[in-house]
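Here is a short report on one protein chain. Keep the sequence and the 3D view at hand while reading.

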Amino acid sequence: QVQLVESGGGLVQAGGSLRLSCAASGRTRTMGWFRQGPGKEREFVATISWSGTTYYADSVKGRFTISRDNAKNTVYLQMNSLKPDDTAVYYCAAAKGGTLYTRAPLYDYWGQGTQVTVSS
């Protein structure tokens with residue numbers, strides 16, 4: 001069982017930046033970030049393999065960067081040029097598999113989420 005703990009959320013003005021962190025209790029393979037906005041379904045944001053290969057949702061491509069430090073069992077989400085539409089609870093997820101997954105059911109472990117609010 002892997003425990004995931006997110007941090008780094010908060011309130012920021014449109015155009016600003018935030019960096020989310022997700023600390024895992026053990027070694028992980030593919031990691032991902034998802035988000036769920038008010039009244040919306042949970043949606044894929046970004047994913048990263050153990051070796052550092054990445055894939056992004058079109059809505060965040062060019063603005064968000066996912067990265068990881070395997071020595072620290074930690075994955076990051078650098079979010080720049082934030083928009084009010086980015087307001088959501090952001091969740092970190094870990095998969096037992098090593099493929100880049102974009103679908104939530106393919107992830108095995110989830111964090112509790114961290115709130116990101118972008119004001120206009």
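## R63 and its surroundings

R63 sits in the loop that links β6 (54-56) to β7 (64-69). The model is a predicted one. Is R63 buried or exposed? Its relative accessible area is 11%. The cut-off for buried is under 20%, so R63 counts as buried.

The side chain of R63 makes a polar contact with the side chain of D86, at 2.8 Å. Leaving aside residues up to four places away in sequence, R63 touches Q78, M79, N80, S81, L82, K83 and D86. D86 is thus on both counts a neighbour of R63: a listed contact and a polar partner.

## The disulfide

How many disulfides are there? The count is 1. C22 and C92 form it, with their sulfur atoms 2.0 Å apart. C22 belongs to strand β3 (residues 18-24) and C92 to strand β9, so the bond ties together parts that lie 70 residues apart in sequence.

The torsion about the S-S bond of C22 and C92 is about -80 degrees, so this disulfide is left-handed. Both cysteines, C22 and C92, are buried.

## Strand β3 and its partners

β3 holds C22. The strand is mostly covered, with 5 of its 7 residues buried. Two pairings of β3 can be described. Strand β1 (residues 4-7) pairs with β3 in the antiparallel sense, over 4 bridges. Strand β8 (residues 74-79) also runs antiparallel to β3, and 6 bridges join this pair.

S21 marks both pairings. Facing β1, S21 of β3 stands opposite S7. Facing β8, S21 stands opposite Y76.

## Strand β11 and its partners

β11 spans residues 114-119. Which strands join it? Strand β2 (residues 10-13) runs parallel to β11, with 4 bridges between them. G10 has V116 as its bridge partner in β11. Strand β9 (residues 88-94) runs antiparallel to β11, and 3 bridges join the two. In this pair, Y90 stands opposite T114 of β11. β9 also carries C92, one half of the disulfide.

In a regular strand, side chains alternate between the two faces of the sheet. How do the side chains of β11 alternate? T114, V116 and V118 point to one face and are buried. Q115, T117 and S119 point to the other face and are not buried. Two of the bridge positions named above, V116 and T114, have side chains on the buried face.

## The whole chain

The protein has 11 strands and 0 helices. From the N terminus on, its elements read β-β-β-β-β-β-β-β-β-β-β. The radius of gyration is 13 Å, close to the 14 Å that the globule rule gives for 120 residues, so the protein is as compact as a globular protein of that length. Its C-alpha atoms fill a box of roughly 40 × 25 × 25 Å along the principal axes.

Of the 120 residues, 46% count as buried. The protein exposes about 6,100 Å², and carbon and sulfur atoms supply 46% of that area. Among contacts between residues at least 6 apart in sequence, 58% join residues at least 24 apart.

Note on methods: Residues are numbered from 1 along each chain as its sequence is written. This is a predicted model: local features need pLDDT of at least 70, side-chain atom pairs count only at pLDDT 80 or more; totals for chains, interfaces and linings use all residues. Side-chain values use heavy atoms; hydrogens and water are left out. Buried means under 20% relative accessible area, exposed over 50%, partly exposed in between (1.4 Å probe, protein chains only). Two strands pair if DSSP finds at least two bridges between them. A disulfide is a pair of cysteine sulfur atoms within 2.5 Å. A polar contact is a pair of N or O atoms within 3.5 Å; within protein, one must be able to donate a hydrogen and the other to accept it, and residues adjacent in sequence count only if both atoms are side-chain atoms. Contact means heavy atoms within 4.5 Å. The radius of gyration is taken over C-alpha atoms; the globule rule is 2.2 Å times the number of residues to the power 0.38. Accessible areas come from the Shrake-Rupley method with a 1.4 Å probe; for residues, only the protein chains shown count as cover.
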